[in-house]
Amino acid sequence: MSNEPTNKPITHRSEKIDLLEFMNANYRRDMSMTEFAKASGRSLSTFKRDFKKISELSPERWLTNHRLHAAYDLLKRGSHVSDACFEVGFKNVSHFSAIFKRKFGMTAGQVRKLKEKD
């Protein structure tokens, strides 16, 4: 199963599916936590409860963290900051840049420049 999002909408499932697999496959999508929950066959409260079983992070923090690490990898491979930002599911470059710097202690542009040294 590819980690690339498709343009097809996710249908809401009536049965529960593997949360970690589902989140890894769909983290780039612009969906609310309620939509992630329904698409995984859960109510929001069940989604959050089940998520606690697989991660110490809340679903929102896991999603942000996962997106930041994916963006870091893209930047190391030479992607432009705005391209990396939008490709991993962020909607705002300013917000992305601020939380990226808080997470990694350097700007996204600095990480991109590391590629040139490798």
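**Pocket, core and aromatic rings**

Modeller: In the second largest pocket of this predicted model, the largest share of the lining, 4 residues, comes from helix 4.

Biologist: Which residues lie nearest the centre of the second largest pocket?

Modeller: The space in the second largest pocket comes to about 200 Å³, and its lining divides by class into 4 nonpolar, 4 polar and 5 charged residues. Of the 13 residues that line this pocket, those nearest the centre are Leu 63, Arg 67, Gly 89, Phe 90 and Lys 91.

Biologist: How many helices and how many strands does the chain have, and in what order do its elements run?

Modeller: From the N terminus on, the elements of the chain run α-α-α-α-α-α-α. That order goes with a count of 0 strands and, on the helical side, 7 helices.

Biologist: What share of the contacts in the chain between residues at least 6 apart in sequence joins residues at least 24 apart?

Modeller: The chain has 118 residues, and buried residues make up 36% of them. When contacts between residues at least 6 apart in sequence are taken, the share that joins residues at least 24 apart is 52%.

Biologist: Which helix gives the most to the largest nonpolar core?

Modeller: The largest nonpolar core has 27 residues, and Met 23, Phe 36, Phe 47 and Phe 96 are those with the most contacts inside it. At least two residues of this core come from each of helix 1 (19-26), helix 2 (33-39), helix 3 (44-54), helix 4 (59-76), helix 5 (81-87), helix 6 and helix 7 (108-117). With 7 residues, the helix that gives the most to this core is helix 4.

Biologist: Which residues is Met 23 in contact with, leaving aside its neighbours within four places in sequence?

Modeller: Met 23 is among the residues with the most contacts inside the largest nonpolar core, as are Phe 36 and Phe 47. Once the neighbours within four places in sequence are left aside, the residues in contact with Met 23 are Phe 36, Phe 47, Phe 51, Trp 62 and Leu 63.

Biologist: Why does the pair of rings of Phe 90 and Phe 96 count as tilted?

Modeller: There are 8 aromatic pairs in the structure. The rings of Phe 90 and Phe 96 have centres 5.2 Å apart, and both residues are buried. Planes under 30 degrees apart count as stacked and those over 60 as edge-to-face, with the rest counted as tilted, so this pair is tilted because its planes stand at 50°.

Biologist: How many residues apart in helix 6 are Phe 96 and Phe 100?

Modeller: Phe 96 and Phe 100 also form a tilted aromatic pair, with 5.5 Å from centre to centre and 50° between the planes. Both are buried, for the relative accessibility of Phe 96 is 0% and the relative accessible area of Phe 100 is 0%. In helix 6 (residues 93-104) about one helical turn separates Phe 96 and Phe 100, because their distance along the chain is 4 residues.

Biologist: Which residues do ring pairs link into a cluster?

Modeller: The pair of Phe 90 and Phe 96 and the pair of Phe 96 and Phe 100 have Phe 96 in them. The cluster that ring pairs link together is made of Tyr 72, Phe 90, Phe 96, Phe 100 and Phe 104.

Biologist: Which residues does Ala 108 touch, not counting those up to four places away in sequence?

Modeller: Ala 108 is found in helix 7, and its relative accessible area of 4% makes it buried. Its C-alpha atom is separated by 8.5 Å from that of Ala 71, 37 residues apart along the chain. Not counting residues up to four places away in sequence, Ala 108 touches Leu 75, Val 81, Phe 96 and Phe 100.

Biologist: How far apart in space, C-alpha to C-alpha, are Ile 17 and Gly 41?

Modeller: Ile 17 has its place in the segment before helix 1, and it touches Phe 22, Ala 39, Ser 40 and Arg 42 when residues up to four places away in sequence are not counted. Although Ile 17 and Gly 41 are 24 residues apart in sequence, their C-alpha atoms are apart in space by 6.7 Å.

Biologist: Does Lys 38 count as buried, partly exposed or exposed?

Modeller: Lys 38 is found in helix 2, and its C-alpha atom is separated by 9.3 Å from that of Lys 16, 22 residues apart along the chain. Because its relative accessibility is 44%, Lys 38 counts as partly exposed.

Conventions. Residues numbered from 1 in each chain as written. Predicted model: local features only at pLDDT ≥ 70, side-chain atom pairs only at ≥ 80, totals over all residues. Heavy atoms only, no water. Phe/Tyr/Trp six-rings, centres within 6.5 Å; stacked < 30°, edge-to-face > 60°. Buried < 20%, exposed > 50% of the residue type's maximum accessible area, 1.4 Å probe, protein only. Core = buried A, V, L, I, M, F, W, Y, C linked by side-chain atoms within 4.5 Å. Contact = heavy atoms within 4.5 Å. 1 Å grid on protein atoms, 1.4 Å probe; cavity = no way out; pocket = protein on both sides within 12 Å on 5 of 7 lines; lining within 4 Å. Points joined across faces, edges and corners; volume = space filled by probe spheres on them. Nonpolar A, V, L, I, M, F, W, Y, C, P; charged D, E, K, R; others polar.
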